[in-house]
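Please open the structure in your viewer and keep the sequence panel beside it. The tour below moves from one selection to the next and says what is there at each stop.

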Amino acid sequence: ARTVARHRHFRDYLLLKPDSSAYPDATIDAPLRRIIDDLHDRGWSEQDGFLSPALMHALETECMASAKNGMLAMARVGLGATSSLQPAVRGDRIQWLEAGQSEACSQFLAIIEALRTALNRELFLGLHDYEGHFAFYAPGMSYQPHLDRFRGDDSRTVTITVYLNPAWLPEHGGALRLHPEGAATRDILPIGGRTVVFLSADMLHEVLPATRDRIAITGWFRRRAMRAPLAGARNHPA
Ligand code: OGA
Ligand code: MN
């Protein structure tokens, strides 16, 4: 039954990928092209070198300064009034990115914006905005298996995580473990400059504990909530 639901999701999002010969895409950078193709073909993508080393370093420095200055808050589980602190479920501390908070963040958000418009143009995803935060996992902290959607809010559509950890080694642990439906589990080390993109509604995933600080920017492209318009529409039982 879950397989059927997943395919319905894929059709909703991704059926209309244009024929690239009909829509020449010379303006799309190679990493964006690969992300688009991977999302279309299997619902997730892993790319190295998504950020330049210089930008990665600037963001790493900014995130570690925020951590040191007490500007990171324990992340919550759930939405709004019913959200709660559950460090054994989710052990990271976060700081939401604000446009203009630094030159590095502005550059990062410009790259994210290019990804957003490419996804809309190529996959007709209708993504209208982005929200993202620095995330800091102290050694031993983890995030139990979850989907990046809140009950009652289906606006988060694409998850993007960009890692900011220089010189990460396998023995440090801290993998992002993907559980793609119908495919083998995939462990991805949080190596600096690497980015992982997936469809938020479909991809069960978790963060394994590490032996050193583990930092990233995780964020989401959102669509306008579908719930209200669908409720009264024909052929879409509420
Ligand atoms: C999240 C998350 C993955 C990672 O913040 O929701 O799953 O690798 N992060 O940090
Ligand atoms: Mn997640």
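Begin by selecting Arg222 and Asp129, which form a salt bridge in this predicted model, with their closest N and O atoms 2.6 Å apart. Arg222 belongs to strand β11 and Asp129 to strand β4 (residues 129-137), so this pair ties together parts of the chain that are 93 residues apart in sequence. With a relative accessible area of 24%, Arg222 is partly exposed.

Stay with the charged side chains and select Asp187 together with Arg177, whose side chains meet in a salt bridge at 2.7 Å from N to O. Asp187 is found in strand β8 and Arg177 in strand β7 (residues 176-179), and the two are 10 residues apart. Asp187 has a relative accessibility of 40% and therefore counts as partly exposed, and Arg177, at 26%, likewise counts as partly exposed.

Next, display Glu46, Asp48, Arg186 and Arg194 as a group, since salt bridges that share partners join these residues into one network. Within the group, focus on Arg194 and Glu46, where the side chains meet in a salt bridge of 3.7 Å, again N to O. This pair links distant parts of the chain, with Arg194 in the loop between β8 (186-188) and β9 (195-199) and Glu46 in strand β1 (residues 44-47), 148 residues apart. Arg194 has a relative accessibility of 12%, so Arg194 counts as buried. For context, a search of the whole structure finds 12 salt bridges, the pairs visited here being among them.

Now turn to the metal and select the manganese ion (ligand 2). Which protein atoms act as donors to the manganese ion? They are NE2 of His146, OD of Asp148 and NE2 of His205, lying 2.1 to 2.2 Å from the ion. Along the chain these donors follow the spacing H-x1-D-x56-H. His146 lies in strand β5 (residues 143-146) and His205 in strand β10 (residues 204-207), so the two histidines tie together parts that are 59 residues apart in sequence. If you colour by accessibility, His146 counts as buried at 12% relative accessibility, and His205 counts as buried at 4%.

For the aromatic side chains, select Trp96 and Trp220, which form a tilted aromatic pair with 6.5 Å from centre to centre and 50° between the planes. Trp96 is in strand β3 (residues 93-96) and Trp220 in strand β11 (residues 214-222), so the pair ties together parts that are 124 residues apart in sequence. Are the two rings' residues buried or exposed? Trp96 counts as partly exposed at a relative accessibility of 37%, whereas Trp220, at 5%, counts as buried. A search of the whole structure finds two aromatic pairs.

Keep Trp220 in view and add Arg156, which lies over the face of Trp220 at 3.6 Å from the ring centre. Trp220 is thus a residue to inspect from two sides of the description, with Trp96 as its aromatic partner and Arg156 over its face.

End the tour by selecting Arg214 and Tyr137, where the charged end of Arg214 sits over the ring of Tyr137, 5.2 Å from its centre.

Technical notes
Residues numbered from 1 in each chain as written. Chains lettered and ligands numbered in written order. Predicted model: local features only at pLDDT ≥ 70, side-chain atom pairs only at ≥ 80, totals over all residues. Heavy atoms only, no water. Phe/Tyr/Trp six-rings, centres within 6.5 Å; stacked < 30°, edge-to-face > 60°. Helix = DSSP H or I, 4+ residues; strand = E, 2+ residues; numbered from the N terminus. Buried < 20%, exposed > 50% of the residue type's maximum accessible area, 1.4 Å probe, protein only. Lys NZ or Arg CZ within 6 Å of the ring centre and 35° of its normal. Donors = N, O, S within 2.8 Å, 3.2 Å for Na, K, Ca; no water. Salt bridge = Lys/Arg side-chain N within 4 Å of Asp/Glu carboxyl O.
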